[in-house]
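Work through the exercises below with the structure open. Each task is followed by its solution.

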Amino acid sequence: MVIKTNSINSRNDFYKCLALMALAQQGKNIDEKLLDNYAHRELPIPTLDSINTLENRLIHLLRNDQRKTTLCFRYNDLCALDTIQVDVVSEKKGVIIRHVEYEISSMRQNNKVLRRYNDFLALHELLTIKYPYRIIPLLPPKKTVNVDKEFIEERRRALKRYLQILCRHPTICDTEIIKFFLTFQGTSCGDNMKATYKNVQDEFSSEPKSSYNTNENGDKYGGDTDGNRMFRISQTHMSFIHQQITQIRDCLKSIKEKQEKNADDFSNMEKTLQALSSDSTSIDQWATGANDYWPAIQLGLADLPVEMNAVSERIQEQCKRDDDVINDHVDMLIDLLQGYKDLCKRFEEALTIEQKAMQKTNNQQRRSLSTTDTSSKNEVNLDMIEKRNRHALKCVQIETQLVYANLEAFVYILSSLGNSQYQGSSDLCNIWKSFANKISQLGQNYMNKSSIQRTNTTGLRR
């Protein structure tokens, strides 16, 4: 429901607007004269949703405004744009050089396609041309020799993160280039894609001229001083966040490596306990004297390898959970922050180049004041440079907001790690409790035996 009004200048106007909303909800035609019926009684009250619901509706309405400088997406909205899965196709193709193929599925496109690494290279090249002032994450490096399973798995995860970032970008996810990559079913996707979009223009050049005809921020040829200042502040802050999250990732990987070592150690303890419990060496009282407890202890050791194996398995399961969090969420956040860092570098380099171009044009304009045609041409060049600068700054502003929106993932990361640690600790607590009970029972079993009974067990085996 939309109610159009010229203005709301007072509290009474606001109350009248709410009353008209209530009448519309009752199915009545909107007419201000209906309010005359409420001259001596309370105005009708509309049914309003929660503040969050109203805010969500406003955000969805604002998304259609091409001139907006506010990202109208929250983290959940970005995640809902698409979900990408990348799997390695088991069979390698190729006669001389065998290559790896990846099966890519997109929830949004409801489709599966096979792609090679070179297809990703073609996609990256086109997107870099199309969106010079958007976050384009780095592709994992190419490798043609010593390609083992570990490298293939690392690349698979990196390619998944790469596509996930692109397909959850509000602007890039709608480009025809992405749709082509996710839906084309023929062979040589990369070559066909480059041929189809060989004349692709950058985002500024392909925009309607009306979208950048007005000087929204800053004086003519003066640039957006406030915008550039806020960019510097955001760039510094993002660099700090990037460094800290990278350190957290390093800590998590270090913890994971230690846990994997612990799992291996407990697995070795299981084998050691099995070896001790199955030892068939005959022991004489000559060697034990009065301390003939070992045979009874040995009998009790037979049940303990079960706990050691369980401890090793639970730690490995926790390592797998933590590894998924690191690779699917922490690393993707770091890839996004690295992409933002690269964007800032491109933006600064472009500003430097265009500032030199503006200075050159200004000098030419001063030298050619007497020539109307040349002066007019210089004026057009300066105007176009300034419009491109404003477009670039607007893009960087939206990309900055995009990164801040994705930082909400950090809460999910910490929550997942906390739940994983809690589950792992609870599982281990139950196992160690069972282990402690068995040890306690073992001690009671041999301590309760008389000296004669203990002597009679000497040399007995399972």
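**Exercise 1: the largest cavity**

The largest cavity holds about 180 Å³ of space, in a model that is predicted. Describe the lining of the largest cavity by position, helix and residue class.

Solution.
1. Count the lining: 13 residues line the largest cavity, and those nearest its centre are Tyr 75, Ile 165, Met 332, Leu 336 and Asn 406.
2. Assign helices: at least two lining residues come from each of α3 (75–81), α5 (149–167), α12 (305–367) and α13 (372–406). Helix α12 gives the largest share, with four residues.
3. Sort by class: eight of the lining residues are nonpolar, four are polar and one is charged.

**Exercise 2: the second largest cavity**

How many cavities of 30 Å³ or more does the whole structure have? Give the volume and lining of the second largest cavity.

Solution.
1. The search of the whole structure returns two such cavities.
2. The volume of the second largest cavity is about 30 Å³.
3. Its lining consists of Leu 81, Asp 82, Arg 108, Gln 109, Cys 167, Cys 173, Ile 178 and Leu 182.
4. By class, this lining has five nonpolar, one polar and two charged residues.

**Exercise 3: Asn 381**

Place Asn 381 in a helix and classify its exposure.

Solution.
1. Asn 381 sits in helix α13.
2. The relative accessibility of Asn 381 is 32%. The limits are under 20% for buried and over 50% for exposed, so Asn 381 is partly exposed.
3. For a spatial reference, take Ala 357: its C-alpha lies 9.2 Å from that of Asn 381, with their positions 24 residues apart in sequence numbering.

Terms used: Residues numbered from 1 in each chain as written. Predicted model: local features only at pLDDT ≥ 70, side-chain atom pairs only at ≥ 80, totals over all residues. Heavy atoms only, no water. 1 Å grid on protein atoms, 1.4 Å probe; cavity = no way out; pocket = protein on both sides within 12 Å on 5 of 7 lines; lining within 4 Å. Points joined across faces, edges and corners; volume = space filled by probe spheres on them. Nonpolar A, V, L, I, M, F, W, Y, C, P; charged D, E, K, R; others polar. Buried < 20%, exposed > 50% of the residue type's maximum accessible area, 1.4 Å probe, protein only.
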